[in-house]
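Please have the sequence and the structure open while I talk. I will go through a few places and say what is there.

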Amino acid sequence: MSHSFDDRNLTAATGLVPIMTLAQNAGLPDLAEDRLTVTTTGADKGANPAPKLATLIAGMAAGADSIDDMNILRHGGMKHLFDRVYAPSTLGSFLRSFAFGHVRQLDAISSRFLTNLNAHTPLLPTNQDSAQASMIFVDVDDTVIDVHSAKKQGAGFGYQGSRGLNALLATASTRDSSQIIVGQRLRKGSTSSARGADKFVSDALATTTRIDSGTSVLVRADSAYYSSGVVKAAQDGGADVSITVRMDKRVKAAIGAIRDDAWTGIEYPEAIYDEETGAWISKAEVAEVPFTAFTSKKKALQTTGRLVVRRIPELNETKRMSGQDPLFDLFRYHAFFTTVDRTRFDTVAADHTHRKHAIIEQINAELKNGALAHMPSGVFNANAAWVTIAAITHNLLRAVAGLIGGRMSKVRAPTLRTRIISIPARIAHRARKLIMHLPSKWPWADEFSRLWQAALSPPRTALS
């Protein structure tokens, strides 16, 4: 047995061909040429932004999580499939030449590219079967990306207690779709979660509206974003809110005013459904009261809505083990404020919908398992651009999964890499054509063929 790296016609990431063709069809090169104006003085680090951006996206799609990993595109027969694939050193210089304004230009490219992708496959499908099926959910959350050097610009100790950079994300999804990223922003590691969140929510809703302007939107967030500015930004963008509240005196007083007979059992771990009464027998219960938020602010910032409360028995195991049972039941309370009308979501449905805000953690985990495994540069704006490019790549792969359809329509990026992207192929030249010989009996050959047909088939002629 022996080995030799000598095949110039072999590729290891053939799935990038239909994926990058889809990106080209969705106008990525044109958007980059028109909107990305990186300085080209000196060594022309900002020249040719479109192919450099495409190289970074292709590398991330193939699994690169650092600038050096972009070398994955420079092997074997890749030069026959792609033009102007840049070296990692060139891409690093390109990213380090970014200023804050260039990062905002990338944000504009990301937003418009997402709209173009939606024209190829519906990214946020809705229907009128139910209230949840006819609504778009925009989830906002931030996450800390750990770094291991104090020399990285912006690195600091945030709420997790570790040194890192803070990435603020907004995702949009429906009942029948996976999450796409409609907003991303890299911030200093020591920043508070809510810093700049009102402007961020406005931008995320503007992007969502470009994709679907006729569907109602619900913004969901945790208590870090419970502020008059965020709520006003959401309402100005035409959206309702569902935000966890902090347990201040007014909230505690409102909870204390709830009658004992107003609590309703909900579906929760270890709950039992009673078919005769049609109700859940559960330790967790929900109730609601009318509530006006931010009464300490001026009139224009005060918001009326509903305070939905979930209570769970407090089990003090220490006292029970010592034989001191409590004299009366104690509860832990979790409350959130929502502006959704009760006729659309009753108390139980509102609680169920709000708890699904946790799905944004799947995106945090997916990005940290991929392109955001770490921050590749010591320059803050280079890392900010890296985060935006990671979001563009994520949305491109979501569109790819949608084009494939079937059971692959909601798979995550690692699964797409295993089944669609990382397919080896041998390139043959015949009659001025490139023919790619793929492995026989590939388990996902049908899915690859559907993507190939959707991305590379010639446009159909419309008969008048």
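**Loops, strands, helices and cores**

Let me start with Phe294, which is buried, with a relative accessible area of 10%. Keep in mind that this is a predicted model. Where does Phe294 sit? Its place is in the loop between strand 11, residues 285-293, and strand 12. The phi angle of Phe294 is near 65 degrees, which is a positive value in a residue other than glycine.

Ala431 also has a positive phi, near 55 degrees, and again the residue is something other than glycine. Is Ala431 buried or exposed? Ala431 is exposed, with a relative accessible area of 65%. The cut-off for exposed is over 50%, and for buried it is under 20%, so Phe294 at 10% is buried and Ala431 at 65% is exposed.

Ala431 lies in the loop between strand 14 and strand 15. Those two strands form a hairpin with two residues between them, and Ala431 is in the turn. How many bridges join strand 14 to strand 15? Five bridges join strand 14, residues 425-430, to strand 15, residues 433-437, and the two strands run antiparallel. To pick out one position, His429 stands opposite Leu434 in strand 15.

A general remark here. Strands of a sheet pair through backbone hydrogen bonds, and the pairing is either parallel or antiparallel.

The hairpin belongs to an open sheet of three strands, in the order 1-14-15, with antiparallel pairing. Which strands are at the edges? The edge strands are strand 1, residues 10-11, and strand 15, and each of them pairs on one side only. Strand 1 and strand 14 pair in the antiparallel sense over two bridges. Thr11 has Ala425 in strand 14 as its bridge partner.

Next comes Leu438, in the loop between strand 15 and helix 15, residues 445-456. With a relative accessible area of 36%, Leu438 is partly exposed. Leaving out residues up to four places away in sequence, Leu438 touches Thr14, Ile423, Pro424, Ala425 and Phe448. Take Thr14 from that list: Leu438 and Thr14 are 424 residues apart in sequence, and their C-alpha atoms are 8.7 Å apart in space.

Now to strand 13, residues 331-338. Strand 12, residues 303-313, is joined to strand 13 by eight bridges, and the two run antiparallel. Within this pair, Val308 stands opposite Phe336 in strand 13. Strand 7, residues 239-244, also runs antiparallel to strand 13, and three bridges join them. Ser242 has Thr338 in strand 13 as its bridge partner.

On to the helices. Two packed helices are described by the angle between their axes and the distance between the axes. The axes of helix 6, residues 100-120, and helix 13, residues 380-404, come within 9 Å and cross at roughly 5 degrees. Angles under 35 degrees count as roughly parallel, and therefore helix 6 and helix 13 are roughly parallel to each other. Which residues meet there? On the helix 6 side they include Phe100, Leu106, Phe113 and Leu117. On the helix 13 side they include Ala384, Ile389, Ile392 and Leu403. The residues of this contact divide into 13 nonpolar, five polar and one charged.

Now the cores. How many residues does the largest nonpolar core have? It has 117 residues, and those with the most contacts inside it are Leu16, Leu307 and Trp386. Helix 13 gives the most to this core, with 17 residues. Apart from it lies another core, of eight residues, among them Met135, Val308, Phe336 and Val340. Two of those names came up earlier, as Val308 stands opposite Phe336 in strand 13.

Back to Leu16. Setting aside neighbours within four places in sequence, Leu16 is in contact with Thr21, Ala58, Ala61, Ala62, Leu73, Met78, Phe82 and Ile421.

The last residue is Ser66. Its place is in the loop between helix 3, residues 49-61, and helix 4, residues 78-81. Is Ser66 buried or exposed? Ser66 counts as buried, at 14% relative accessibility. Again leaving aside neighbours within four places in sequence, Ser66 is in contact with His374, Pro376 and Trp386. Trp386 is one of the residues with the most contacts inside the largest nonpolar core.

Key
Residues are numbered from 1 along each chain as its sequence is written. This is a predicted model: local features need pLDDT of at least 70, side-chain atom pairs count only at pLDDT 80 or more; totals for chains, interfaces and linings use all residues. Side-chain values use heavy atoms; hydrogens and water are left out. Axes are lines fitted to C-alpha atoms, for helices over the stretch in contact, and angles run from 0 to 180 degrees between N-to-C directions. Helices (H or I, at least four residues) and strands (E, at least two) are DSSP runs, numbered from the N terminus. Angles under 35 degrees count as roughly parallel, over 145 as roughly antiparallel, 65 to 115 as roughly perpendicular and the rest as oblique. Contact means heavy atoms within 4.5 Å. Ala, Val, Leu, Ile, Met, Phe, Trp, Tyr, Cys and Pro count as nonpolar, Asp, Glu, Lys and Arg as charged, and the others, Gly among them, as polar. A nonpolar core is a set of buried Ala, Val, Leu, Ile, Met, Phe, Trp, Tyr and Cys residues joined through side-chain atoms within 4.5 Å. Buried means under 20% relative accessible area, exposed over 50%, partly exposed in between (1.4 Å probe, protein chains only). Two strands pair if DSSP finds at least two bridges between them.
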